[in-house]
Number of protein chains: 2
Amino acid sequence: MHRLDRSLIAGLPAFQGLDDSSLDAILQSASSLRVTKDQAIFDQDSDAHSFFVLLDGRVQVVKSTPDGQQVVVRYIVPGELLGIAQALGRTTYPASAIAVVDCVVLAWPGKLWPEFATAYPSFGMNTYRTVGSRLSDIQAQVVEMATEQVEQRVAHCLLRLIKQSGKQTNDGITIDFPISRQDIAEMTGTTLHTVSRLLTGWEEKGLVKSGRQQVTVVEPSRLSVLAEGTARDNI
Amino acid sequence: MHRLDRSLIAGLPAFQGLDDSSLDAILQSASSLRVTKDQAIFDQDSDAHSFFVLLDGRVQVVKSTPDGQQVVVRYIVPGELLGIAQALGRTTYPASAIAVVDCVVLAWPGKLWPEFATAYPSFGMNTYRTVGSRLSDIQAQVVEMATEQVEQRVAHCLLRLIKQSGKQTNDGITIDFPISRQDIAEMTGTTLHTVSRLLTGWEEKGLVKSGRQQVTVVEPSRLSVLAEGTARDNI
């Protein structure tokens with residue numbers, strides 16, 4: 001086993017404020033692993049044995065209902081923590097994490113979390129800042145689902161995805177991982193049929209381009225108007 | 001100013017695992033305050049100057065959208081923490097907290113949070129357990145909104161409220177604080193009109209009784225069947 005270099009994690013938000021010797025100590029108990037596309041990094045309700053940092057790739061966090069329906073809760077981009085159940089006093093994972101492309105992750109035994117948080121307070125604080133922003137994101141999602149028309153919700157969802165994971169291409173800004181219309185439907189609480197209808201309409205207007213598992217926003221500013229505009233009309 | 005007795009907080013989840021002298025030390029920097037019905041304990045986006053424990057009453061956490069629409073995110077019952085923005089690395093409150101009945105709260109200066117978490121690790125851990133269960137609740141809410149019909153969502157909402165804040169009465173289990181049909185609409189992402197239609201229908205079937213700002217679930221088990229049943233039919 002060769003050593004992991006501290007440059008792997010030094011720049012990441014979770015490890016900000018840690019000195020080199022702390023980073024080295026934290027890395028000593030990490031394992032790096034490759035997860036191939038469509039494999040689970042962890043499964044909902046299973047024992048929270050480890051926590052992770054995504055180094056490369058994209059991860060989909062999926063929550064399943066008791067009757068087997070699935071909802072995409074969020075996407076994780078490189079540098080983000082995942083599976084930090086221990087930090088929230090949980091012994092199981094609340095959702096599943098699926099690699100949407102080939103991924104590289106660092107894994108630590110879950111039981112080390114409290115030790116790390118005590119030994120490196122800024123690591124603990126950085127983690128809770130992540131938790132806070134996820135809580136805030138998901139509250140915003142509830143508010144969107146409660147107050148917005150489906151067209152606005154889908155527009156907001158695409159705008160969030162290009163902000164988080166957009167890649168400038170010739171056509172506009174492309175979501176840089178495979179995403180299906182079904183995924184978008186699950187994220188916005190609507191049906192595949194509705195997402196298809198919306199994307200087709202937007203494509204005709206020149207707002208987006210979409211293909212198999214790929215979405216490009218051609219004109220983000222016009223999509224923003226759509227995301228906000230109807231809400232104002234509703235007042 | 002008279003002293004606050006440690007019995008005020010000794011039994012609360014946030015303070016579990018703390019010895020008497022720790023409880024006394026924590027109480028020394030607390031102020032107790034009374035908040036009258038409909039007053040804000042704190043306002044969304046304002047400076048997170050304090051964190052709180054609700055000692056008595058009921059608090060509604062409300063998130064407002066930029067265009068002025070409101071969504072009830074959750075209700076807080078006695079014993080729960082609120083306004084713990086500092087614990088999540090935030091400097092402002094992500095939502096407003098409104099007293100739905102006369103309330104008594106304990107308040108601490110927000111800047112004490114990191115000190116407390118360091119000095120009393122079980123207090124920190126208890127707080128994060130609360131954060132974890134709120135994150136889990138709100139994820140469940142997103143999943144419900146994404147996958148359930150409106151009838152199921154409203155049924156689930158009422159069942160959650162009687163579980164959290166139910167009082168056994170002659171008629172059944174009454175939600176023990178004033179709650180309007182509009183509040184229920186905001187919690188479930190539907191309209192006042194739909195909530196009224198559902199409650200009227202359920203009342204005719206003898207499932208619930210409702211009056212001005214009051215809802216009683218007469219037959220929780222039949223409401224549960226309704227909350228789950230339709231979902232199964234959808235598979």
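Biologist: How many salt bridges does the rule find across the interface of chain A and chain B?
Modeller: Zero salt bridges turn up across the interface of chain A and chain B. A salt bridge here is a side-chain nitrogen of Lys or Arg within 4 Å of a carboxyl oxygen of Asp or Glu. Keep in mind that this is a predicted model, where local features need pLDDT of at least 70, side-chain atom pairs count only at pLDDT 80 or more, and totals for chains, interfaces and linings use all residues. Side-chain values use heavy atoms, without hydrogens and water, residues are numbered from 1 along each chain as its sequence is written, and chains are lettered from A in the order in which they are written.

Biologist: And how many residue pairs are in polar contact across that interface?
Modeller: Zero again, counting pairs with both residues at pLDDT 80 or more. A polar contact is a pair of N or O atoms within 3.5 Å; within protein, one must be able to donate a hydrogen and the other to accept it, and residues adjacent in sequence count only if both atoms are side-chain atoms.

Biologist: Which parts of chain A touch chain B, then?
Modeller: Strand S5 (70-76), helix H3 (121-147) and helix H7 (220-234) of chain A each supply at least two residues of that side. H3(A) gives the largest share, 16 residues. Helices (H or I, at least four residues) and strands (E, at least two) are DSSP runs, numbered from the N terminus.

Biologist: What classes of residue are on that side of chain A?
Modeller: There are 16 nonpolar, 10 polar and seven charged residues. Ala, Val, Leu, Ile, Met, Phe, Trp, Tyr, Cys and Pro count as nonpolar, Asp, Glu, Lys and Arg as charged, and the others, Gly among them, as polar.

Biologist: How much area do chain A and chain B bury between them?
Modeller: About 3,000 Å², with 72% of it on carbon and sulfur atoms. That is the accessible area (1.4 Å probe) lost on putting the two parts together, summed over both. A:Leu88, A:Gln139 and A:Val142 supply 17% of what chain A buries against chain B, more than any other three residues.

Biologist: Switching topic, what order do the strands take in the four-stranded open sheet of chain B?
Modeller: S1-S8-S3-S6, with antiparallel pairing. Two strands pair if DSSP finds at least two bridges between them. S1 (31-35) and S6 (81-82) of chain B stand at the edges with a single partner strand each, so one side of each has no neighbour in the sheet.

Biologist: How many bridges join S3 and S8 of chain B?
Modeller: Six, between residues 50-56 and residues 103-109. B:Phe52 has B:Ala107 as its bridge partner in S8(B).

Biologist: What about S2 and S7 of chain B?
Modeller: Those run antiparallel, joined by two bridges, and B:Phe42 stands opposite B:Ala97.
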